[in-house]
Amino acid sequence: MKYDKSQIYSSLKHVQATEGDQNLIDAGHVRNIQVFGDEVEVDVISMNPTLQAKKKLEVNILKAVHEHAYPKAKIKVNVIVPEEAKQKAAAQQQIRGEELPGVKNIIAVASGKGGVGKSTLTANLAVSLAKMGFKVGLVDADIYGPSMPIMFDVVNERPSSIEVNGKKLMDPVEAHGVKMLSIGFFAGTDQAVVWRGPMATKALNQMIRDSHWGDLDFMLIDLPPGTGDIHLSLVQAVPVTGAVIVSTPQAIALSDARKGVAMFGMDSINVPVLGIVENMSYFSPEELPDNKYYIFGKSGAKNLTEELKVPFLGEVPLVQSVREAGDVGRPAVMQENTPIAETLKKVAQNMVESLVERNENLPPTEAVRITTMAGCSPKKEKTV
Ligand SMILES: Nc1ncnc2c1ncn2[C@@H]1O[C@H](COP(=O)(O)OP(=O)(O)OP(=O)(O)O)[C@@H](O)[C@H]1O
């Protein structure tokens, strides 16, 4: 007996589509029906990509054909999930914190590997942005070694408490034009604290949400090195606008930087990477400024950006004064007209330019626009 296609078609009117309240036929979700003897093959669309939904759809089709058309039919169901349905599901899975009122752009600074100069560059980025005229906040979330109090020379300061609209909030410490809170303020400098996941997340949330930041163009967050729970907690806590990744040109650091880029690109995180900064690109002795020694390898991070198609934000050499400036709490970018200060300033400008481009390409709800390119290179100047 040859089965009649139209009978099968009619039976599928008894199956509910995976989206909306129409049946499969009215929803236009049946793509093809083929009959080979007593075998029936149905190509059908599911707008729900989960295995469970696909299985349920298959079972419902089997039941409907058996009940309303041919009880003995051997049925094969091919479930097709359109690309748009996959993307929609991924977006719904994304964990996003509520917006921070008054804070326009939240930038996470990360590195796969420890000790590559992430905190040094975060401090210099923050001061550079403040010097450009932006309102800047800095959250030091490096639970393994919070170094911002030293880098801003505020080791002995503590955030005060302030009452705003009947609510007690932490008032960030201010130095070099940057408002700052550090996880280091939660424990004495000599006190060993093992920040466990929930504790760290709580402290991070307090620093971000229970503090009086006021209006900020940028909130920079110095993340701990690596790609672990704290990073996930962060994206749960706040809507991060973009991430900056710091790496040295060394292969082992690059492999970890690659993991960092992959982490921010995961469907459930989906934070745009504004770029990679290569730190400790080369060493030049002060007495031989034209000699460059590529101690950790040459251009590794630059090559990685080309491969991963993310912006390259610049190379920062290994310079003794960068370390010294960090140790005395005056980030190197504060030096007047030194080559290293210019280099660090350029990195900040590149980051802002990358951010402007990202904000142009993202829906405004996800990335709040910056309103000025103050201090950035006039060539690419634009107001968004
Ligand atoms: N470009 C540079 N030139 C000279 N010294 C640098 C440079 N960048 C960083 N350093 C020094 O390297 C050391 C490590 O830097 P930093 O603490 O910023 O790294 P990190 O990646 O934040 O480390 P971690 O997150 O593992 O604590 C510091 O002593 C810092 O002063």
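1. Ligand shell, by class. In this predicted model, the shell around the ligand has seven nonpolar, ten polar and three charged residues. The ligand is surrounded by 20 residues. Gly114, Gly117, Lys118, Ser119 and Thr120 are the closest.

2. Where the shell comes from. Four elements each supply at least two of its residues. Two are helices: helix 4 (118-131) and helix 10 (320-327). The other two are strand 12 (273-283) and strand 13 (312-318).

3. Helix 4 against helix 11. Helix 11 covers residues 339-361. The two axes come within 9 Å and cross at roughly 75 degrees. An angle of 65 to 115 degrees counts as roughly perpendicular, so helix 4 and helix 11 are roughly perpendicular to each other. Helix 4 makes the contact with Asn124, Leu125, Ser128 and Leu129. Helix 11 contributes Leu344, Lys345, Val347, Ala348 and Met351. By class, this contact has six nonpolar, two polar and one charged residues.

4. The eight-stranded sheet. This sheet is open and its pairing is mixed. The strand order is 8-9-5-10-4-11-12-13. Strand 8 (173-175) and strand 13 each have a single partner strand, so one side of each lacks a neighbour in the sheet. From one strand to the next, the twist averages 25 degrees.

5. Inside that sheet. Strand 4 (residues 103-110) and strand 10 (residues 216-222) run parallel, joined by six bridges. Ala108 stands opposite Ile221 of strand 10.

6. Helices on that sheet. Helix 8 (residues 251-265) packs on the sheet and touches strand 4, strand 11 (242-247) and strand 12. The direction of helix 8 makes about 170 degrees with that of strand 11. Helix 9 (residues 300-308) lies across strand 11, strand 12 and strand 13. Helix 9 runs at about 160 degrees to strand 12.

7. The three-stranded sheet. This one is also open and mixed, in the order 1-2-3. Which strands stand at the edges? They are strand 1 (30-36) and strand 3 (74-80). Each has a single partner strand, so one side of each is left without a neighbour in the sheet. Neighbouring strands are turned by 15 degrees on average, direction ignored. Seven bridges join strand 2 (residues 39-45) to strand 3, and the two run parallel. Glu41 faces Lys76 of strand 3. Helix 2 (residues 51-68) packs on this sheet, touching strand 2 and strand 3. The direction of helix 2 makes about 145 degrees with that of strand 3.

8. Annotation. An unreviewed UniProt entry lists residues 5-66 as "domain: MIP18 family-like". That span is 37% helix and 23% strand. Its end C-alpha atoms lie 14 Å apart.

Note on methods: Residues numbered from 1 in each chain as written. Predicted model: local features only at pLDDT ≥ 70, side-chain atom pairs only at ≥ 80, totals over all residues. Near = placed C-beta within 6 Å. Nonpolar A, V, L, I, M, F, W, Y, C, P; charged D, E, K, R; others polar. Axes fitted to C-alpha atoms, helices over the stretch in contact; angles between N-to-C directions. Parallel < 35°, antiparallel > 145°, perpendicular 65-115°, else oblique. Contact = placed C-beta atoms within 7 Å. UniProt positions renumbered as here; feature names shortened; annotations may be inferred. Pairing = 2+ DSSP bridges.
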